[in-house]
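Here are my notes on the model you sent over. Have the structure open while you go through them.

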Amino acid sequence: MRKGVRHYPGFGWMTVLCLFILYAPLIVVMAYSFNGSTSITTWGGFSLRWYVDVFTGPEAPRFKAAAWNSLTIALIAATVATAIATAAAVAMHRAGGFRGRSLTFALINLPLMVPEIVIAVATLIFFTMVGITTGYMTILIAHITFCIPFAYLPIAARLQGIDEGYEQAARDLYAGRGQAFFLVLLPLMLPGVISGYLLAFIISLDDFIITNFVKGAGMETLPTAIFGSVKQGIKPNIMAISTLMLAVSALFVTLSYLVNRRGRQSP
Amino acid sequence: MAGPGASGGGGGGGWRPMLVPLLLPTWLTIGIFLVLPVALMAVYSFLTKEFRGGVIWEFTLAAYDQFFVNRGLFGDEPPTIEWTYIAIFWRSIWQAGLATLFCLLVGFPTAWFIATRPASQRGVWLFLITIPYWVNLLIRTVSLKFLIRDNGPLNEGLMALGVLDAPVTLINTNLAVQLGLFYSYLPFMVLPIYAAVERYNFALSEAAADLYASRWVTLREIVIPVVRPGIVAGCILVFVPSLGAFLAPDLLGGAKTFMIGSLIEEQFKGSLGNWPFGAAASMILMTLVLAALLVYARSAAQGAGPGAAR
């Protein structure tokens, strides 16, 4: 009876259905990326030829350049966004109440509330009016902006769970503000900061719509390059790239999962 | 201002004097690169269109007029309501609403099931839900397109099993776009509901069962009202991105499945576009989303009242 209230018939099957829907397309594409045939419909035996094609084929230089842009933009955007978000989290949760606190909170979350396509349009109009040529820099600026809330949320969540006594003790023992932060608070916040960083990194790597608007001519990131190829039809090399990116995402989730689990064990 | 001392409400680390320097980067970044652009976009929607996709600095309501009013091909007929764009918006709202409903129907049982597993197993289940959430949306949409295309694995598989005689065309239909939206945002529904169910006090269900309420009555009368903030959060997280979605309608749909996202994108492509009109359509989309968020805020305020059982 006690266990009975938790059980609803059919909910388990719904979960199986949910996971099936989420994974079926990914598994199919992963399987077909190892297809030896040039046609995407027939199975030509197991082969790694499309992975070789990704790195050495005719489209390889384009994909390499796009991957480089994507990775460096994600790296810089995530780093800057995490630094900004960490500072904001400390101010929001360690400086007491202040006038404009809820307004600041709304501001931090604004990139999550405005639809992506609207951010894309607004950002393009802004860069055009100010007279900044669209390209690498404009993508980077846009990415830093929309990554801030994604970095902020895990960092703030972690910070709220840390007792203020630790910094208090450090300050009482004549640690400067910087020392209290870098030697006491930051190490305690680290699991949240890493989670925020990883989330911001993945979100930046993932973005298509905003990047597509502000990238300018001739500039590609991995998603816009893939989109351009897919417009001409799904080729097997796209499936190989997709599988590689899937692997990167899975690696990131695993990292984030492990960091969070370790974070829960420490104070 | 009641200035608290170093050890007062201002926190133990003495961060109070650093308030402005700590927040300045956030204010500047989001202020200059998001709030200002949105304000400029609002201004842009009232400017006159220039031929090569630019604008002339002359105030006009032309963009909104084009959206709502039909004056005939040469602009001299008596004005009637222009249905083209309203129909596109209506289709988007309908598709986003339907995707939210389907996500809820699958997401709620899933979230409940995971939250009622033993604590040691929950992490693994959540991990499985989270992986697709982190996978690139473009890649997920392309994968879905590959799966459901005319001679794709889904049709071939169903034909091999004898369920179908001939392939069913899904691509370029509203159904495919619906499937795409549902598939894209399903994890967004599961995670907030899971968080709410995990905090749910099962003694409430036990009390209801002791008073002879059936499972389903308990679900309707007790569980859903209590976990409602999670459900509403999930619905918002699915509805808002679905409404402005671009990838699913663009890759899985065709001309007949046009949604707001594609309409806006088209206005900024090359010299055929119309920037003020695109800005106006974006303004209308943003208004719709803000209305949805307002409903959420009101609902959350109510949820903090009698529904909060702890």
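The points below start with one chain and then move on to where the two chains meet.

1. Before anything else, keep in mind that this is a predicted model. Everything below is computed from that model.

2. Chain A first. It's helical, with 11 helices and zero strands, so to speak a plain run of α-α-α-α-α-α-α-α-α-α-α when you read along the sequence. Taken along the principal axes, the C-alpha atoms of chain A fill a box of roughly 70 × 70 × 30 Å.

3. Now the contact between the chains. Chain B puts in 96 residues and chain A puts in 94 residues. People often give the size of an interface as the accessible area lost when the parts come together. Here, chain B and chain A bury about 8800 Å² between them, and 78% of that is on carbon and sulfur atoms. On the chain B side, the residues that lose the most area to chain A are Trp15(B), Trp134(B) and Phe146(B), which together make up 10% of what that side buries.

4. What about the polar side of things? The count is 13 residue pairs in polar contact between chain B and chain A, both residues at pLDDT 80 or more. The rule finds one salt bridge across this interface. Look for it between the side chains of Lys231(A) and Asp250(B), at 2.6 Å from N to O.

5. Which helix gives the largest share of the side of chain B that touches chain A? That's helix α1 of chain B (residues 19–44), with 18 residues. By class, the side of chain B that touches chain A has 66 nonpolar, 21 polar and nine charged residues.

6. One helix pair deserves a look. Helix α5 of chain A (residues 116–130) packs on α1(B) at an angle of about 85°, and their axes are 8 Å apart. Angles of 65 to 115 degrees count as roughly perpendicular, and α5(A) and α1(B) are therefore roughly perpendicular to each other.

7. If you want to find that crossing on screen, residues to pick in α5(A) include Val118(A), Ile119(A), Ala122(A), Phe126(A) and Met129(A). Their partners in α1(B) include Ile32(B), Phe33(B), Pro37(B), Met41(B) and Tyr44(B). By class, the contact of α5(A) with α1(B) has 16 nonpolar residues, one polar and no charged ones.

Definitions and conventions:
Residues numbered from 1 in each chain as written. Chains lettered and ligands numbered in written order. Heavy atoms only, no water. Contact = heavy atoms within 4.5 Å. Buried area = accessible area lost by both parts, 1.4 Å probe. Salt bridge = Lys/Arg side-chain N within 4 Å of Asp/Glu carboxyl O. Polar contact = N/O pair within 3.5 Å; in protein donor to acceptor, adjacent residues only side chain to side chain. Helix = DSSP H or I, 4+ residues; strand = E, 2+ residues; numbered from the N terminus. Nonpolar A, V, L, I, M, F, W, Y, C, P; charged D, E, K, R; others polar. Axes fitted to C-alpha atoms, helices over the stretch in contact; angles between N-to-C directions. Parallel < 35°, antiparallel > 145°, perpendicular 65-115°, else oblique.
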